[in-house]
Amino acid sequence: MEKIQLSKAFILKEFRDYVLIFIAMMSYCIGWAVFLLPNDITTGGVAGVSSILYWATGLPVQYSYFFINAVLLLIALRILGLKFCIKTIYAVLVLTTGISVATTYYHGHLLADQPFMAAIIGSVFCGCGVGLGLSSNGSTGGTDIIAAIINKYRDISLGKVILICDVFIISSSYFVLKDWEKVIYGYVVLYVTAFCIDQVVNSYRRSVQFFIISEKHEEIARLINQEAHRGCTVIDGQGFYSGHSVKMLFVLAKQRESSHIFRLIEEIDPRAFVSQSAVIGVYGEGFDHIKAKKRQKEGKQ
């Protein structure tokens with residue numbers, strides 16, 4: 001019975017990931033095809049390369065985007081694993097299809113006389129799309145794949161990695177557009193996109209800690225273990241004024257799980273004393289992995 005429940009939970013999680021990746025790619029598609037591409041504003045990554053090729057040769061962006069990502073995915077398959085690549089392949093296919101439909105049937109030119117606003121709005125759509133995709137174990141491919149590889153081994157901001165990788169692409173657009181103003185708008189897109197990526201990804205990683213004091217601490221701990229799938233640590237304490245011994249539960253959880261844990265506590269003991277606070281980082285099983293450079297051996301030059 002427990003295996004069936006775990007299987008259902010896994011299926012629901014996977015279904016949720018694919019739905020969120022679809023939404024993420026639609027967001028990126030809107031930012032790229034509606035705001036950036038018609039206004040000759042370069043974005044980063046493979047999308048930026050595809051845009052430059054389109055302006056230089058007229059090659060539709062969906063073809064170059066798909067081909068370059070196919071090559072990168074073959075390289076990344078061994079490093080990032082099949083699970084990441086399957087979702088990234090799905091994301092690339094969704095975005096390729098979305099861009100094909102958008103460039104074929106949409107011929108508008110929003111904010112033609114306000115390129116700066118087009119750059120800001122387009123980069124917000126693109127950044128939120130990339131961040132949501134990465135948080136759902138997928139990506140738009142390109143420099144996102146490179147960033148995901150680096151982030152797997154080093155605790156480096158995804159947005160900063162993508163920012164560094166994309167500077168050259170943005171700068172090279174000058175050779176096609178012959179307009180430094182558009183290049184500057186590209187830098188704006190790059191910065192805002194990186195900022196939005198970090199905001200979305202970090203919002204999924206935020207964790208909280210609970211201190212729970214209750215006479216029914218065993219029931220609360222058992223329910224949190226079974227329903228929220230989070231561990232509980234029992235701490236012995238003593239009230240200073242009353243002198244009575246108390247048992248306090250210490251729980252770490254993701255921020256999005258807070259409301260669920262509060263409901264479980266209220267279900268057992270509505271009069272429980274609960275303290276919740278945000279934590280900067282939690283590393284270990286069920287949370288982030290510790291990523292740090294290994295110490296060099298003594299005597300090694």
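This report describes the overall make-up, aromatic pairs, salt bridges, one helix and two loop residues of a predicted model.

**Overall make-up**

The protein is built with eleven helices and four strands, and of its 301 residues 42% are buried. Its exposed surface comes to about 17,600 Å², of which carbon and sulfur atoms supply 62%. When contacts between residues at least 6 apart in sequence are considered, 73% of them join residues at least 24 apart.

**Aromatic rings**

Across the whole structure, a search finds nine aromatic pairs. One of them is formed by Y18 and Y90, whose rings meet edge-to-face, with 4.9 Å from centre to centre and 80° between the planes. This pair links distant parts of the chain, since Y18 belongs to helix α1 (residues 2-36) and Y90 to helix α4 (residues 82-105), 72 residues apart. Y18 counts as partly exposed, with a relative accessibility of 26%, and Y90 likewise counts as partly exposed, at 26%.

A further pair brings together F35 and F125, and here the ring centres are 5.9 Å apart while the planes stand at 15°, so the pair is stacked. Because F35 lies in helix α1 and F125 in helix α5 (residues 115-135), this pair ties together parts that are 90 residues apart in sequence. F35 is buried, having a relative accessible area of 10%, whereas F125 counts as partly exposed at 30% relative accessibility.

Aromatic residues also gather in a group, for Y28, W32 and Y65 form one aromatic cluster. The ring of Y18 has a charged neighbour as well: the charged end of K87 sits over this ring, 5.7 Å from its centre.

**Salt bridges**

The count of salt bridges comes to six, and the table sets out three of them.

| Salt bridge | Closest N to O distance |
|---|---|
| R16 and D17 | 3.7 Å |
| E257 and R230 | 2.9 Å |
| D236 and K247 | 2.4 Å |

In the bridge between E257 and R230, both partners come from loops: E257 lies in the loop between β3 and α11, and R230 in the loop between α10 and β2 (232-238), so the pair ties together parts that are 27 residues apart in sequence. R230 is buried, with a relative accessible area of 11%.

The bridge between D236 and K247 links distant parts of the chain, as D236 is in strand β2 and K247 in strand β3, eleven residues apart. D236 is exposed, with a relative accessible area of 60%, while K247 is partly exposed at 35%.

Salt bridges that share partners join K13, E14, R16, D17 and K87 into one network. Within this network, R16 counts as partly exposed at 38% relative accessibility, but D17 is buried, with a relative accessible area of 2%. K87, which has its place in the network, is also the residue whose charged end sits over the ring of Y18.

**Helix α11**

In helix α11, which spans residues 258-268, the residues S258, I261, L264, I265 and I268 are buried. Viewed down the helix axis, the buried residues of α11 fall within an arc of 125°, so they line one face of the helix. In general, an α-helix has 3.6 residues a turn, so residues three or four places apart point the same way. The face of α11 that is turned away from the buried side carries the exposed residues E266 and E267. The cover over the buried residues of α11 includes the strands β1 (207-213), β3 (245-254) and β4 (273-279), together with the helix α10 (217-228).

**Two loop residues with positive phi**

Most residues other than glycine have a negative phi. K178, a residue other than glycine, nevertheless has a positive phi, near 55°. K178 is found in the loop between α8 (174-177) and α9 (180-205), and it is exposed, with a relative accessible area of 58%. H229 also has a positive phi, near 55°, without being a glycine. H229 is found in the loop between α10 and β2, the loop in which R230 also lies. While R230 is buried at 11% relative accessible area, H229 is exposed, with a relative accessible area of 58%.

Technical notes. Residues numbered from 1 in each chain as written. Predicted model: local features only at pLDDT ≥ 70, side-chain atom pairs only at ≥ 80, totals over all residues. Heavy atoms only, no water. Phe/Tyr/Trp six-rings, centres within 6.5 Å; stacked < 30°, edge-to-face > 60°. Buried < 20%, exposed > 50% of the residue type's maximum accessible area, 1.4 Å probe, protein only. Lys NZ or Arg CZ within 6 Å of the ring centre and 35° of its normal. Arc of directions from axis to C-beta. Contact = heavy atoms within 4.5 Å. Salt bridge = Lys/Arg side-chain N within 4 Å of Asp/Glu carboxyl O. Areas by Shrake-Rupley, 256 points an atom, 1.4 Å probe, with all protein chains shown as cover.
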